[in-house]
Amino acid sequence: MAEVAVQMREILDEYNEEVKKAANNSIEKVAKESVSKLRATSPKRKGKYARGWGLKREGGIGGIITVIVHNKTAYQLTHLLENGHVIRNKKGTYGRAPAHPHIKPVEQWAINELPAEIEREL
């Protein structure tokens with residue numbers, strides 16, 4: 001009886017490692033695709049904002065990595081461009097800048113794509 005338990009434990013540990021590898025590979029792949037989608041769909045005036053998208057890898061929980069997609073050069077603009085903002089001059093406000101939603105669609109795509117990618121990897 002003890003031998004069966006040991007064998008089952010080894011099989012489950014091996015499967016756990018395969019799942020961790022598949023999850024880490026899938027997270028990397030989806031994050032890289034998200035960066036390329038953000039670079040393509042970001043508003044381009046001079047292009048500096050769009051080129052600023054990148055990845056930041058951090059240690060995760062239980063051997064599964066955490067990857068943060070962020071704008072390295074103009075992180076202050078992400079909220080303003082995504083949601084729009086008030087335009088002001090010396091006399092007071094005079095309108096609103098239009099919103100350019102480019103982060104939310106990529107976020108929704110990544111949320112839907114990651115589980116499917118992990119299943120494909122397994």
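Which residue forms a salt bridge with E113? It is R120, the closest N and O atoms being 2.5 Å apart. A few notes on that pair and its surroundings follow.

1. Ground rules. This is a predicted model, where local features need pLDDT of at least 70, side-chain atom pairs count only at pLDDT 80 or more, and totals for chains, interfaces and linings use all residues. Numbering starts from 1 along each chain as its sequence is written, and side-chain values use heavy atoms, with hydrogens and water left out.

2. Salt bridges overall. The criterion is a side-chain nitrogen of Lys or Arg within 4 Å of a carboxyl oxygen of Asp or Glu. By this rule the count comes to eight salt bridges. As background, side chains of opposite charge can pair when their charged atoms come close.

3. E113 and R120. The two ends of this pair sit in contrasting settings: E113 is buried at 18% relative accessibility, while R120 is exposed at 53%. The cut-offs here are under 20% relative accessible area for buried, over 50% for exposed, and partly exposed in between (1.4 Å probe, protein chains only).

4. E117 and K29. Here the side chains meet in a salt bridge at 3.4 Å, N to O. The pair links distant parts of the chain, with E117 in helix α4 (residues 103-121) and K29 in helix α1, 88 residues apart. Helices are DSSP runs (H or I, at least four residues), numbered from the N terminus. E117 is buried, with a relative accessible area of 5%, whereas K29 is partly exposed at 41%.

5. The network. Points 3 and 4 belong together: K29, E113, E117 and R120 are linked in a network of salt bridges.

6. K104 and E107. This one stays inside a helix: both residues lie in helix α4, three residues apart, about one turn of the helix. Their side chains meet in a salt bridge at 3.6 Å, N to O. K104 is partly exposed, with a relative accessible area of 44%, and E107 counts as partly exposed too, at 37%.

7. A nonpolar patch. V4, M8, I11 and L12 form a nonpolar patch on the surface, with about 380 Å² of accessible area together. Areas come from the Shrake-Rupley method with a 1.4 Å probe, and for residues only the protein chains shown count as cover. Patch members need over 30% relative accessible area and no salt bridge; nonpolar side chains (Val, Leu, Ile, Met, Phe, Trp, Tyr) are joined within 5 Å, like charges within 9 Å. I11 lies in helix α1 (residues 2-41) and is exposed, with a relative accessible area of 51%.

Notes: Helices (H or I, at least four residues) and strands (E, at least two) are DSSP runs, numbered from the N terminus.
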